[in-house]
Amino acid sequence: MVKGGLVVTSERELVADVAIAGGRIAAIGGDLAGAHELDARGLYVLPGAVDGHVHLNDPTFPPYATLTADSFATGTRAAAFGGVTTVVDFAQPAVGQPLLEELDRRLSDAAGEAVIDYGLHLNLRDPDPVRIAEIPSVFERGVPSFKLYMAYEGYRIPDAAIFRAMLAVAGEGGLAVLHAENDDVIVELTRRLEADGKTGPRWLAAACPPEGEAEAVHRVIALARIAGARLLVFHLSCAESAREIAEAKARGQAVAGEVTSHGLVLEQSALHSGDARAQSLAVRPPIRDAGQRSALWAALADRTIDIVSSDHCPRAPRASSQPAGVSGIEARLALVHHFGVGDGLIDRSRWVDACSTRPAELLGLARKGDLRPGHDADVVLFDPQKEVALSTETLHSALPFSSYEGVSVRGFPITTISRGEVIVENGVFVGAPGRGRFVERGY
């Protein structure tokens, strides 16, 4: 029983008690009683956050074949501290590899390691029609979302293959997920910049102009419309791309957009130092300027952009180079609260919707992301007054530096409940190792 907190959902706020029984929400109301009670007075009571875009312990993710710093064990533990109760990671079959073979291997990575619940997307890297013909068998295993790339050698597939995959996904009622950038333009601009001696993270945004991203977003929206596929475009980074999403929605197309917490919060100046942190933040699409960040917040507020994810992919340092990848799995919920709710850009219900409810809806997590009777009892007690300076001392990723070093937030989760079990209590991890479950998702 969670007593007396301000219950915040995507639809309402009310001071109430939340009763839990058998791992599910039993009731929400006043003057409820339970055998074990948590005092939530002065706190927000939220549905557990759903992060639909994370990369844990993944040696195959581009642009470098190197393990991420966080395993399923360390990454999901950090997530729990941040109020996240469900993540969706990726299975990434190599070219020529049967899809179910890699799906099984990836599930074995997480089994006995994850401390919160998890699902998987499947990355389709192989344009071979044989692989596309295997898509229905993946749906049967509870994986209804397929990520397709327009960028990165070894991941990028031609438009014709993207379209064939969309047709197959649409035939099963699933979700096509796209990394949308015009890679040819980026490669050419990078070559020209390097010829002028302009190398390193500070020049990334110049190599990845908003117009090139928006062109790719426009193209995948068109392909999805022809194929009749539902579409989610990952990590939108600019007003131009958000405009393409808005226009598709106005036509009635089933299109959704995602923005990352680092895309909303971090400044381009973070890329200028040239140190390991700057290298790690050189992600694509790139961190953009303040005007673009303001446009992304506005698009999130008016629901052009549906969800906020972390794209957590912390790269362990190497002697020769520092591959890109932000560690954000623990900070996302607090960052969106501080910079969104705290600055008056979104209200609390939109915050919960973007971080919990809408991701669960889009990704087919039928019993996640909301506080209502019958749903999994994934509940977060969030202290709106708790101040945290984000650093390696206060966060729990295995990355040896903080992607958000120097950023402070007001408001942070203090207790996390997963399927009725308290796994973080007053800032202390008390969950059992490996207790997380694979969630077969609907569509």
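A residue counts as buried when its relative accessible area is under 20%, and Y149, with a relative accessible area of 0%, is therefore buried. Y152, at 12% relative accessibility, also counts as buried. The model discussed here is a predicted one, and the values below are computed from it.

## Aromatic pairs and the strands that carry them

A search of the whole structure finds 10 aromatic pairs. One of them joins Y44 and F382, whose rings are stacked, with 6.1 Å from centre to centre and 5° between the planes. Because Y44 belongs to strand 5 and F382 to strand 14, this pair ties together parts that are 338 residues apart in sequence. Both Y44 and F382 are buried. The rings of Y149 and Y152, by comparison, have their centres 6.2 Å apart and their planes at 55°, so that pair is tilted. Ring pairs further link Y44, W351 and F382 into a cluster.

The strand pairing gives the setting of the stacked pair. Strand 5 (residues 44–47) and strand 14 (residues 379–389) run antiparallel and are joined by four bridges, and within this pairing Y44 stands opposite F382. Strand 14 is in turn joined by eight bridges to strand 15 (residues 408–418), again in antiparallel fashion, and here F382 stands opposite P413. F382 thus has Y44 of strand 5 as one opposite residue and P413 of strand 15 as another.

## A buried residue at the start of strand 1

V2 is found in strand 1, which covers residues 2–8, and at 1% relative accessibility V2 counts as buried. Apart from its neighbours within four places in sequence, V2 is in contact with A16, D17, V18, L38, A40, V45, L381 and I417. The C-alpha atoms of V2 and L32 are 9.2 Å apart in space, while the two residues are 30 residues apart in sequence.

## Salt bridges

Side chains of opposite charge can pair when their charged atoms come close. With a side-chain nitrogen of Lys or Arg required to lie within 4 Å of a carboxyl oxygen of Asp or Glu, the count comes to 33 salt bridges. Three of these are set out in the table.

| Salt bridge | N to O distance |
|---|---|
| R219 and D159 | 3.0 Å |
| E188 and R192 | 2.8 Å |
| D376 and K368 | 2.9 Å |

The side chains of R219 and D159 meet in a salt bridge, and this pair links distant parts of the chain, since R219 lies in helix 8 (residues 210–227) and D159 in helix 5 (residues 159–171), 60 residues apart. R219 is partly exposed, with a relative accessible area of 22%, and D159 is likewise partly exposed, with a relative accessible area of 30%. E188 and R192, on the other hand, both belong to helix 6 (residues 183–195), where being four residues apart separates them by about one helical turn. E188 is partly exposed, its relative accessible area being 30%.

D376 and K368 are both buried, and they take part in a network of salt bridges that links R24, D117, R367, K368, D376, D378 and R419.

## Backbone details

R419, a member of that network, lies in the loop between strand 15 and strand 16 (421–425). Its phi is near 50°, a positive value in a residue other than glycine, and at 10% relative accessibility R419 counts as buried. N426 also has a positive phi of about 50° although it is not a glycine; it is found in the loop between strand 16 and strand 17. N426, however, is exposed, with a relative accessible area of 59%.

The peptide bond from R284 to P285 is cis, with omega near -10°, and P285 lies in the loop between helix 11 (276–280) and helix 12 (290–301).

## A buried arginine without a salt bridge

R441 is found in the segment after strand 17 (428–429). Which side chain of opposite charge is nearest to R441, and how far away is it? The nearest one is that of E440, 10.0 Å away, and R441, although buried, has no salt bridge. Leaving aside its neighbours within four places in sequence, R441 is in contact with V88, L120, H121, G142, V143, P144, S145, L363, G364 and L365.

Conventions:
Residues numbered from 1 in each chain as written. Predicted model: local features only at pLDDT ≥ 70, side-chain atom pairs only at ≥ 80, totals over all residues. Heavy atoms only, no water. Helix = DSSP H or I, 4+ residues; strand = E, 2+ residues; numbered from the N terminus. Buried < 20%, exposed > 50% of the residue type's maximum accessible area, 1.4 Å probe, protein only. Lys, Arg positive; Asp, Glu negative; His and termini not counted. Contact = heavy atoms within 4.5 Å. Pairing = 2+ DSSP bridges. Phe/Tyr/Trp six-rings, centres within 6.5 Å; stacked < 30°, edge-to-face > 60°.
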